[in-house]
2 protein chains.
Amino acid sequence: MRLQNLRKRMAETGTDLVAVGPTSNMAWLSGLHPHGDERPVMQIVTQSWAGFLMPALNADSQRGLTDLPFVTWRDDDGPVGALRDLLALAGAAGPVTVALDETMRADFALLLLDNVQVTRRSFLSNTLGHLRGRKDADEYRILKENAVINDGAMRAAFACLREGITEAEVAEVVQQYYRDQGAGTEFFSICFGGNGAFPHHHTGQTKLAPNTAVLVDIGSRKDGYPSDMTRAGTFGTVDGFDEIHAVVDAAVQAALTTAKPGVLARDVDAAARGVIAAAGYGDRFLHRTGHGLGIDIHEEPYITATSDVVLEEGMVFSIEPGIYLEGRFGLRLEEIVILRADGPEVLSDLPRDPFRA
Amino acid sequence: MRLQNLRKRMAETGTDLVAVGPTSNMAWLSGLHPHGDERPVMQIVTQSWAGFLMPALNADSQRGLTDLPFVTWRDDDGPVGALRDLLALAGAAGPVTVALDETMRADFALLLLDNVQVTRRSFLSNTLGHLRGRKDADEYRILKENAVINDGAMRAAFACLREGITEAEVAEVVQQYYRDQGAGTEFFSICFGGNGAFPHHHTGQTKLAPNTAVLVDIGSRKDGYPSDMTRAGTFGTVDGFDEIHAVVDAAVQAALTTAKPGVLARDVDAAARGVIAAAGYGDRFLHRTGHGLGIDIHEEPYITATSDVVLEEGMVFSIEPGIYLEGRFGLRLEEIVILRADGPEVLSDLPRDPFRA
């Protein structure tokens with residue numbers, strides 16, 4: 001069914017050949033998770049053919065997972081001959097328009113590009129990425145389940161705050177919570193005070209002192225899908241925190257109100273950015289407003305200032321504006337939403353109010 | 001020092017520009033492990049300049065890790081302008097020969113290739129990969145420490161065998177052993193009986209029955225480096241096992257005897273392959289003889305039938321011939337060696353004799 005939808009989308013977008021690496025794109029399209037080493041593995045899809053370039057020594061273990069054909073190659077021969085055979089089978093020996101999995105290794109991609117006559121090259125965002133963006137009911141159910149687990153982990157993170165605890169110790173509380181729920185850890189970023197002003201701070205040995213802002217951005221993974229949420233709070237009192245929190249929360253609200261099927265992703269970004277700029281913090285909002293979420297924690301659609309993506313019903317993405325004040329604190333609030341016909345449904349059941357400890 | 005060595009090697013190989021992605025190559029060269037998302041990050045090295053293309057929101061958290069300059073870009077602007085500025089700074093606005101990190105994402109690589117005039121393109125094997133292949137004393141010490149941990153884990157794996165235990169339960173014993181030693185799990189492949197005939201079998205729920213061959217290929221990771229070793233044994237008696245074991249062990253010995261500084265990697269492969277072919281199992285040795293091991297569990301040098309790599313003192317690689325008999329068992333024996341002036345030093349202290357249970 002996904003293969004059928006992909007071919008339909010390829011026809012609509014004038015794409016002759018889609019090349020998928022051994023990445024989450026292959027997992028989504030075909031349910032295969034091949035051994036991810038330096039041996040080229042690729043799935044090729046055209047209107048007339050679909051199958052895999054496969055190292056001989058992985059063929060047996062993958063054979064049970066798909067009915068599609070394998071063109072195999074052995075270490076001694078290398079992959080070029082097998083790839084050329086495959087392209088002939090796929091009707092792609094002549095000039096073709098190609099959409100390439102942007103997350104595959106550079107050498108896999110160049111192996112393909114060096115052996116095919118490319119008349120137009122694109123990445124997957126407009127074909128397979130587009131389809132991945134619209135979630136089905138099963139995916140929604142798993143994402144919701146992960147979001148509820150993450151709500152509990154967030155409560156546990158803020159509940160454990162005490163003077164002297166380290167960021168790493170808070171992260172351990174979060175990870176233990178995930179384990180207790182049968183979930184894995186996708187990532188964590190626990191930021192005390194000024195550390196929060198770095199949007200990608202590495203959780204470390206900083207100890208919690210009185211009157212410090214706390215920023216927690218965490219995600220679990222269960223049944224193949226992740227969660228992702230950010231909340232903020234204070235340990236004691238922090239000058240200016242409540243004002244900044246109110247601005248960021250209003251930015252989230254503005255984005256939530258704007259996001260509807262048919263709206264451009266950049267208009268959602270503009271709504272959040274406008275609120276923050278109007279409050280005088282435009283230059284302290286250092287990143288895009290959001291990213292899609294599915295098998296990958298970052299995937300299509302990206303909610304950026306320049307995106308031409310038209311939002312569609314069933315898309316799942318984050319809304320996560322932030323304000324970063326160097327030497328003081330950073331404050332970001334992040335929701336994951338699924339876009340319904342009448343607007344976004346927020347997956348988390350946890351209010352965005354500041355945590356107080 | 002590594003940067004200096006890289007520039008020397010670039011001069012020797014006629015390479016004007018080296019482009020490194022946010023991969024283990026960057027960790028090795030510069031000690032940076034940037035946030036690995038879809039935002040392009042790259043280190044560019046020429047004889048006159050070295051620095052990074054860096055997303056603005058990662059710049060602060062990475063700044064303390066290197067003295068080299070960053071050319072930053074913001075989500076709203078995208079990376080192209082910053083990359084062009086960087087190439088001008090690096091003296092690479094005109095035609096250049098480029099060596100590209102083959103493990104970076106396809107979109108990062110094509111971003112570079114679309115913005116530079118490439119007169120010759122290669123991957124890193126002959127420049128940075130070559131340097132990574134020759135280990136220093138610190139790296140040797142850590143690799144040896146991991147090998148000793150892995151010896152213990154291998155003993156634990158075979159010691160826990162009993163009728164009805166599953167492959168996954170043996171894997172858990174291995175992982176617990178690693179945890180007890182303060183190490184992480186790099187990978188495991190536990191194969192009972194016919195499962196061993198798939199070189200990349202996924203450890204599963206197969207239960208151990210009497211008179212079954214057992215193949216264990218496991219690796220830990222501690223202090224940033226992995227271990228990797230394969231041993232084989234029997235639970236009860238298995239027809240033909242001892243004969244096959246003797247052939248594979250002789251193949252390992254032949255490769256060990258052949259490997260010397262100055263020898264071609266393909267001659268080491270030929271030595272192992274020759275023993276197996278002479279015993280009549282040439283077509284059941286499904287893969288190359290070995291791979292380099294360092295920060296990555298697979299890296300330069302690769303010991304294949306076609307490799308022109310000249311082995312050098314200080315290189316670390318696996319020797320792991322195998323024979324795969326469908327429906328019966330697979331038997332592979334794997335050692336990691338460091339190449340000394342007079343030949344290979346095997347890192348493991350564990351004999352290759354069959355385990356008997």
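This report covers how two chains meet, how the domains of chain A pack, and a few backbone details.

The model is predicted: local features need pLDDT of at least 70, side-chain atom pairs count only at pLDDT 80 or more, and totals for chains, interfaces and linings use all residues. Residues are numbered from 1 along each chain as its sequence is written, chains are lettered from A and ligands numbered from 1 in the order written, and side-chain values use heavy atoms, with hydrogens and water left out.

**Symmetry**

Chain A can be laid on chain B with an RMSD of 0.0 Å. The operation is a turn of 180 degrees with a shift of 0.0 Å along the axis. That is the relation of a two-fold axis. The superposition is by least squares on the C-alpha atoms of residues with pLDDT of at least 70 in both copies. Ala106(A) is the residue of chain A that comes closest to the rotation axis, at 2.1 Å (C-alpha). Of the interface residues of chain A, 100% are also interface residues in chain B, so the copies meet through the same surface.

**The two interfaces**

Two contacts are set out here: chain A with chain B, and domain 1 with domain 2 inside chain A. The domain assignment gives domain 1 (2-132) and domain 2 (137-356); such bounds come from an automatic or database domain assignment. Contact means heavy atoms within 4.5 Å. Buried area is the accessible area (1.4 Å probe) that two parts lose on being put together, summed over both.

| Interface | Residues in contact | Buried area | Share on carbon and sulfur |
|---|---|---|---|
| Chain A and chain B | 42 from chain A, 42 from chain B | about 3600 Å² | 52% |
| Domain 1 and domain 2 of chain A | seven from domain 1, six from domain 2 | about 650 Å² | 45% |

**Chain A against chain B**

Five salt bridges are counted between chain A and chain B. A salt bridge is a side-chain nitrogen of Lys or Arg within 4 Å of a carboxyl oxygen of Asp or Glu. Arg121(A) and Asp114(B) meet in a salt bridge, at 2.4 Å from N to O. The rule also finds 14 residue pairs in polar contact across this interface, both residues at pLDDT 80 or more. A polar contact is a pair of N or O atoms within 3.5 Å; within protein, one must be able to donate a hydrogen and the other to accept it, and residues adjacent in sequence count only if both atoms are side-chain atoms. By class, the side of chain A that touches chain B has 14 nonpolar, 11 polar and 17 charged residues. Here Ala, Val, Leu, Ile, Met, Phe, Trp, Tyr, Cys and Pro count as nonpolar, Asp, Glu, Lys and Arg as charged, and the others, Gly among them, as polar.

**Domain 1 against domain 2**

The C-alpha centres of the two domains of chain A lie 35 Å apart. Ser24(A), His130(A) and Arg132(A) lose the most area in domain 1 to domain 2, together 58% of what that side buries. Three salt bridges cross this interface. Glu139(A) forms a salt bridge with Arg2(A), the closest N and O atoms being 3.9 Å apart.

**Backbone details**

The peptide bond from Glu300(A) to Pro301(A) is cis, with omega near -5 degrees. The bond from Glu300(B) to Pro301(B) is cis too, with omega near -5 degrees. Asp223(A) has phi near 55 degrees, a positive value in a residue other than glycine.
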